[in-house]
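Hi everyone, thanks for making the time. I have one structure to walk you through today, so let me put it up on the screen.

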Amino acid sequence: MIRIAPSLLSADFARLGEEADSVRRGGADWLHYDVMDGIFVPNISFGIPVLASFRKATEMFLDVHLMIDRPVRYVEQFCDAGADMVTVHVEADTEENIAAALRAVRERGKQCGVVIKPATPAAEAEKWLEQVDMVLVMTVEPGFGGQSFMAEQLPKLRTLRAAIDRRHPGCLLEVDGGIDAHTAPLALEAGADVLVAGSAVFKKADRAAAIAALRPAI
Ligand code: DX5
Ligand code: ZN
């Protein structure tokens, strides 16, 4: 099953509840919540209190992408604020602390995942395969919505798809950055099963049509 996860980073922050509802009605499967700290990435978005309020406004699955330095410091708070899935960047801390962050998420009964930036090789995610519910491959440099898809990341998706099928078939493979109606088929063909899309959904007036355009033609 392919999941579409609109990224709230491109939504109208003054109307987050309505924005979430519009994509739920439009057929989205998950909501993607991008947390940025101004240190791990050169931008700041939203954090724990916004997630806690937002949790009350929707029952949708909340996929929290932490673009923050040393995420082990905050994962428990994001779980308690209502995250269903928490993903952490392998570049953001030592292996020991990444392991501790993943463990803390699981202990809270939530799903966990690792994320790799474009310059990070697939092997850095493969290390964690048995311990995660999802691997997220960035197809832009994290920090901003509206950037162009990096097609040179497609071989990495294929490598990870093969490793997942071999070692942990239940693990999801998510792709994030520059996904639109033209690039979604490339990511799906390379093995992704969760598509994050910010601008391609929230910058369109007809959310149902925007989401449908990302799904594979049957
Ligand atoms: C980028 C974020 C993405 C972003 C995607 O750092 O992780 O989730 O919102 O936006 P688009 O789909 O516009 O590239
Ligand atoms: Zn993201």
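**Ligand first, then the sheet**

Let's begin at the ligand: an oxygen atom of ligand 1 sits 2.8 Å from a polar backbone atom of Gly-146. Ligand 1 is also well wrapped, with the protein covering 99% of the 390 Å² of accessible area that the ligand has on its own. Do keep in mind that this is a predicted model.

Who else is around it? There are 20 residues around ligand 1, and the nearest are Ser-7, Gly-143, Asp-176, Gly-198 and Ser-199. Ser-7 places a polar side-chain atom 2.8 Å from a ligand oxygen. At Gly-178, a backbone N or O atom lies 2.8 Å from an oxygen atom of ligand 1.

Now, zooming out to the sheet. How are the eight strands ordered? The sheet is open, its pairing is parallel, and the order reads S1-S8-S7-S6-S5-S4-S3-S2. At the edges you'll find strand S1, residues 3-6, and strand S2, residues 30-36, each pairing on one side only. From one strand to the next, the twist averages 25°.

Let me pick out one pair of strands. S4, residues 85-89, runs parallel to S5, residues 111-116, and five bridges join them. Within this pair, Val-86 stands opposite Cys-112 in S5. Helix H4, residues 95-107, packs on the sheet here, touching both S4 and S5, and its direction makes about 150° with that of S5.

One more helix before I stop: H2, residues 48-57, lies across S2 and strand S3, residues 61-67, and runs at about 170° to S3.

That's my tour, and I'm happy to take questions.

Key:
Residues numbered from 1 in each chain as written. Chains lettered and ligands numbered in written order. Predicted model: local features only at pLDDT ≥ 70, side-chain atom pairs only at ≥ 80, totals over all residues. Heavy atoms only, no water. Pairing = 2+ DSSP bridges. Helix = DSSP H or I, 4+ residues; strand = E, 2+ residues; numbered from the N terminus. Axes fitted to C-alpha atoms, helices over the stretch in contact; angles between N-to-C directions. Contact = heavy atoms within 4.5 Å. Near = heavy atom within 4 Å. Polar contact = N/O pair within 3.5 Å; in protein donor to acceptor, adjacent residues only side chain to side chain. Areas by Shrake-Rupley, 256 points an atom, 1.4 Å probe, with all protein chains shown as cover.
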